[in-house]
Amino acid sequence: MDVIFTPELTICGIEELPAQRERNVTHVLSLLDPELPEIETFATYGQHHRTTLRFHDIIVAAPDRVMPRPDHVEAILKFGSDFQAQQNAQASSHLLVHCHMGVSRSTAAMLTLMAQANPDEAAESLFTRLVTIRPQAWPNSQMIGFADEQLGRKGELTAALGRHYGRQIRKQPQYGEWMKTLGRHAELQMAILD
(Lines give C-alpha, C1' and ligand atoms only; values in the text may rest on other atoms or scores of the structure.)
Protein backbone atom coordinates (compact mmCIF):
# COMPACT_ATOMS: atom_id res chain seq x y z
CA MET A 1 0.00 0.00 0.00
CA ASP A 2 1.32 3.43 -0.99
CA VAL A 3 1.85 6.07 1.65
CA ILE A 4 -0.12 9.20 0.84
CA PHE A 5 1.69 12.36 1.88
CA THR A 6 -0.13 15.49 2.98
CA PRO A 7 1.78 18.76 2.97
CA GLU A 8 3.46 19.90 6.17
CA LEU A 9 2.40 23.45 7.06
CA THR A 10 4.56 25.92 8.98
CA ILE A 11 4.10 29.57 9.93
CA CYS A 12 6.91 31.65 11.38
CA GLY A 13 8.52 35.06 11.66
CA ILE A 14 11.76 36.25 10.10
CA GLU A 15 13.87 35.48 13.19
CA GLU A 16 12.68 31.86 13.09
CA LEU A 17 13.64 31.28 9.44
CA PRO A 18 17.17 29.94 10.11
CA ALA A 19 15.69 27.17 12.30
CA GLN A 20 13.54 26.00 9.37
CA ARG A 21 16.38 25.38 6.91
CA GLU A 22 16.82 21.71 7.90
CA ARG A 23 13.09 20.93 7.64
CA ASN A 24 12.95 20.19 3.89
CA VAL A 25 10.85 23.23 2.99
CA THR A 26 9.64 22.89 -0.60
CA HIS A 27 7.48 26.03 -0.95
CA VAL A 28 7.75 29.45 0.70
CA LEU A 29 5.33 32.36 0.73
CA SER A 30 7.07 35.48 2.06
CA LEU A 31 4.93 38.45 3.13
CA LEU A 32 7.24 41.37 3.74
CA ASP A 33 7.19 45.09 4.36
CA PRO A 34 7.99 46.87 1.06
CA GLU A 35 11.11 48.56 2.45
CA LEU A 36 12.64 45.39 3.93
CA PRO A 37 15.73 44.10 2.08
CA GLU A 38 15.76 40.62 0.59
CA ILE A 39 16.13 37.88 3.20
CA GLU A 40 19.48 36.17 2.80
CA THR A 41 18.54 33.11 4.88
CA PHE A 42 16.78 31.52 1.91
CA ALA A 43 20.15 31.08 0.16
CA THR A 44 20.91 28.46 2.84
CA TYR A 45 17.70 26.48 2.16
CA GLY A 46 17.55 23.52 -0.18
CA GLN A 47 15.79 23.85 -3.52
CA HIS A 48 12.35 25.38 -3.04
CA HIS A 49 9.73 27.48 -4.81
CA ARG A 50 9.32 30.95 -3.31
CA THR A 51 6.87 33.80 -3.88
CA THR A 52 7.32 37.19 -2.20
CA LEU A 53 4.55 39.74 -1.70
CA ARG A 54 5.25 43.15 -0.22
CA PHE A 55 2.72 45.11 1.83
CA HIS A 56 2.42 46.31 5.41
CA ASP A 57 0.54 44.64 8.23
CA ILE A 58 -2.09 47.34 8.64
CA ILE A 59 -5.87 47.49 8.49
CA VAL A 60 -6.29 51.28 8.10
CA ALA A 61 -4.69 53.37 5.35
CA ALA A 62 -1.67 55.39 6.50
CA PRO A 63 0.80 57.66 4.70
CA ASP A 64 3.71 55.85 3.04
CA ARG A 65 2.23 52.45 3.96
CA VAL A 66 0.96 49.79 1.57
CA MET A 67 -2.40 48.36 2.63
CA PRO A 68 -3.25 44.72 1.96
CA ARG A 69 -5.31 44.79 -1.26
CA PRO A 70 -7.52 42.31 -3.10
CA ASP A 71 -4.74 41.68 -5.64
CA HIS A 72 -2.43 40.57 -2.83
CA VAL A 73 -4.97 37.92 -1.82
CA GLU A 74 -5.41 36.98 -5.49
CA ALA A 75 -1.64 36.39 -5.61
CA ILE A 76 -1.85 34.24 -2.46
CA LEU A 77 -4.61 32.17 -4.07
CA LYS A 78 -2.54 31.85 -7.27
CA PHE A 79 0.36 30.61 -5.13
CA GLY A 80 -2.05 28.12 -3.52
CA SER A 81 -3.32 26.89 -6.89
CA ASP A 82 0.24 26.39 -8.12
CA PHE A 83 1.17 24.61 -4.87
CA GLN A 84 -1.80 22.25 -5.15
CA ALA A 85 -1.04 21.54 -8.82
CA GLN A 86 2.54 20.54 -7.89
CA GLN A 87 1.50 18.10 -5.17
CA ASN A 88 2.50 14.49 -5.61
CA ALA A 89 0.73 12.00 -3.35
CA GLN A 90 3.90 9.90 -3.17
CA ALA A 91 6.28 12.75 -2.27
CA SER A 92 6.38 14.93 0.80
CA SER A 93 6.07 18.69 0.61
CA HIS A 94 6.49 21.40 3.20
CA LEU A 95 4.82 24.79 2.86
CA LEU A 96 6.30 27.63 4.91
CA VAL A 97 4.46 30.95 5.16
CA HIS A 98 6.17 33.77 6.99
CA CYS A 99 5.85 37.47 7.65
CA HIS A 100 7.78 39.69 10.05
CA MET A 101 6.52 38.17 13.31
CA GLY A 102 4.49 35.18 12.13
CA VAL A 103 1.33 36.52 13.76
CA SER A 104 -0.88 38.43 11.34
CA ARG A 105 -0.13 38.48 7.59
CA SER A 106 1.26 34.96 7.52
CA THR A 107 -1.59 33.49 9.55
CA ALA A 108 -4.15 35.24 7.32
CA ALA A 109 -2.37 33.85 4.26
CA MET A 110 -2.22 30.32 5.69
CA LEU A 111 -5.91 30.42 6.63
CA THR A 112 -6.65 31.57 3.05
CA LEU A 113 -4.61 28.71 1.59
CA MET A 114 -6.26 26.15 3.88
CA ALA A 115 -9.74 27.46 2.98
CA GLN A 116 -8.85 27.30 -0.72
CA ALA A 117 -7.56 23.72 -0.47
CA ASN A 118 -10.53 22.62 1.66
CA PRO A 119 -13.58 24.44 0.27
CA ASP A 120 -16.06 22.27 2.19
CA GLU A 121 -14.32 22.58 5.57
CA ALA A 122 -16.15 24.82 8.06
CA ALA A 123 -14.43 28.08 8.94
CA GLU A 124 -14.35 27.17 12.65
CA SER A 125 -12.45 23.99 11.83
CA LEU A 126 -9.98 25.95 9.70
CA PHE A 127 -9.30 28.36 12.57
CA THR A 128 -8.86 25.44 14.99
CA ARG A 129 -6.24 23.96 12.65
CA LEU A 130 -4.59 27.36 12.23
CA VAL A 131 -4.09 27.69 16.00
CA THR A 132 -2.58 24.20 16.06
CA ILE A 133 -0.01 25.39 13.51
CA ARG A 134 0.56 28.83 15.09
CA PRO A 135 -0.97 29.33 18.56
CA GLN A 136 -0.37 33.11 18.56
CA ALA A 137 -2.31 33.61 15.29
CA TRP A 138 -4.05 36.99 14.91
CA PRO A 139 -4.91 37.05 11.18
CA ASN A 140 -5.08 40.41 9.41
CA SER A 141 -8.79 41.18 9.06
CA GLN A 142 -8.41 42.97 5.72
CA MET A 143 -6.80 39.91 4.18
CA ILE A 144 -9.43 37.56 5.61
CA GLY A 145 -12.20 39.81 4.29
CA PHE A 146 -10.75 39.69 0.77
CA ALA A 147 -10.26 35.91 1.01
CA ASP A 148 -13.83 35.47 2.24
CA GLU A 149 -15.09 37.31 -0.84
CA GLN A 150 -12.75 35.74 -3.38
CA LEU A 151 -13.39 32.21 -2.13
CA GLY A 152 -17.17 32.76 -2.08
CA ARG A 153 -17.42 32.01 1.63
CA LYS A 154 -20.23 34.60 2.08
CA GLY A 155 -18.91 36.07 5.33
CA GLU A 156 -18.20 32.73 7.02
CA LEU A 157 -14.46 33.36 7.38
CA THR A 158 -15.00 36.88 8.73
CA ALA A 159 -17.58 35.71 11.27
CA ALA A 160 -15.25 32.93 12.43
CA LEU A 161 -12.41 35.46 12.64
CA GLY A 162 -14.40 37.49 15.20
CA ARG A 163 -14.87 34.38 17.33
CA HIS A 164 -11.17 33.56 16.92
CA TYR A 165 -10.16 37.03 18.10
CA GLY A 166 -12.39 36.59 21.15
CA ARG A 167 -10.76 33.27 22.02
CA GLN A 168 -7.28 34.73 21.58
CA ILE A 169 -8.06 37.68 23.89
CA ARG A 170 -9.48 35.33 26.54
CA LYS A 171 -6.35 33.13 26.36
CA GLN A 172 -3.87 36.00 26.08
CA PRO A 173 -5.38 39.26 27.41
CA GLN A 174 -2.23 41.18 26.45
CA TYR A 175 -3.36 40.87 22.82
CA GLY A 176 -6.02 43.50 23.52
CA GLU A 177 -3.43 46.08 24.58
CA TRP A 178 -1.04 45.04 21.82
CA MET A 179 -3.68 45.54 19.12
CA LYS A 180 -4.70 48.92 20.57
CA THR A 181 -1.06 50.02 20.39
CA LEU A 182 -0.90 48.89 16.76
CA GLY A 183 -4.07 50.78 15.84
CA ARG A 184 -6.07 47.60 15.28
CA HIS A 185 -9.19 48.88 17.13
CA ALA A 186 -11.52 47.57 14.41
CA GLU A 187 -10.28 44.03 15.01
CA LEU A 188 -10.83 44.38 18.74
CA GLN A 189 -14.39 45.52 18.00
CA MET A 190 -14.85 42.40 15.84
CA ALA A 191 -13.86 40.13 18.75
CA ILE A 192 -16.73 38.08 20.11
CA LEU A 193 -16.14 37.74 23.85
CA ASP A 194 -18.90 35.42 25.03
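## Salt bridge between Glu16 and Arg134

In this predicted model, the side chains of Glu16 and Arg134 form a salt bridge with an N to O distance of 2.8 Å. Glu16 belongs to the loop between strand 1 (8-13) and helix 1 (17-20), and Arg134 to the loop between helix 4 (123-133) and helix 5 (141-150), so the pair ties together parts that are 118 residues apart in sequence.

The two partners can also be described by their accessibility. Glu16 is partly exposed, at a relative accessible area of 31%. Arg134 is buried, and its relative accessible area is 7%; this value falls under the 20% limit for a buried residue.

## Other salt bridges

The structure contains 14 salt bridges. Side chains of opposite charge can pair when their charged atoms come close. One of the pairs consists of Glu38 and Arg54, whose side chains meet at 3.9 Å, N to O. This pair links distant parts of the chain, with Glu38 in the loop between strand 2 and strand 3, Arg54 in strand 3, and their positions 16 residues apart. The distance of 3.9 Å for Glu38 and Arg54 satisfies the criterion of a nitrogen within 4 Å of a carboxyl oxygen.

Glu38 is partly exposed, with 48% relative accessibility, and Arg54 is partly exposed as well, with 26%. Glu38 and Arg54 also belong to a network of salt bridges that includes Arg50. A further salt bridge joins the side chains of Glu187 and Arg184 at 2.8 Å, N to O. Both Glu187 and Arg184 are buried.

## The parallel sheet

Four strands make up an open sheet, arranged in the order 1-4-2-3 with parallel pairing. Strand 1 and strand 3 occupy the edges and have a single partner strand each, so one side of each is left without a neighbour in the sheet. On average, neighbouring strands of this sheet are turned by 15° against each other, with direction ignored.

Strand 2 and strand 4 (residues 94-99) run parallel and are joined by four bridges. Leu29 has Val97, in strand 4, as its bridge partner. Helix 3 (residues 105-117) lies across strand 1, strand 2 and strand 4, and runs at about 145° to strand 4.

## The loop at Thr41

Thr41 is located in the loop between strand 2 (27-32) and strand 3 (49-54). Glu38, described above for its salt bridge with Arg54, lies in the loop between strand 2 and strand 3. Thr41 is buried, with a relative accessible area of 18%. When neighbours within four places in sequence are left aside, Thr41 is in contact with Leu17, Pro18 and Arg21.

## Cysteines

Zero disulfides are found in a search of the whole structure. Cys12 takes part in no disulfide, and the nearest cysteine sulfur, which belongs to Cys99, is 8.6 Å away. For Cys99, the closest cysteine sulfur is that of Cys12, and the 8.6 Å separation is too far for a bond; a disulfide would require the sulfur atoms to be within 2.5 Å.

Cys12 is buried, at 0% relative accessibility. Cys99 is likewise buried, at 3% relative accessibility.

Methods
Residues numbered from 1 in each chain as written. Predicted model: local features only at pLDDT ≥ 70, side-chain atom pairs only at ≥ 80, totals over all residues. Heavy atoms only, no water. Helix = DSSP H or I, 4+ residues; strand = E, 2+ residues; numbered from the N terminus. Buried < 20%, exposed > 50% of the residue type's maximum accessible area, 1.4 Å probe, protein only. Contact = heavy atoms within 4.5 Å. Pairing = 2+ DSSP bridges. Axes fitted to C-alpha atoms, helices over the stretch in contact; angles between N-to-C directions.
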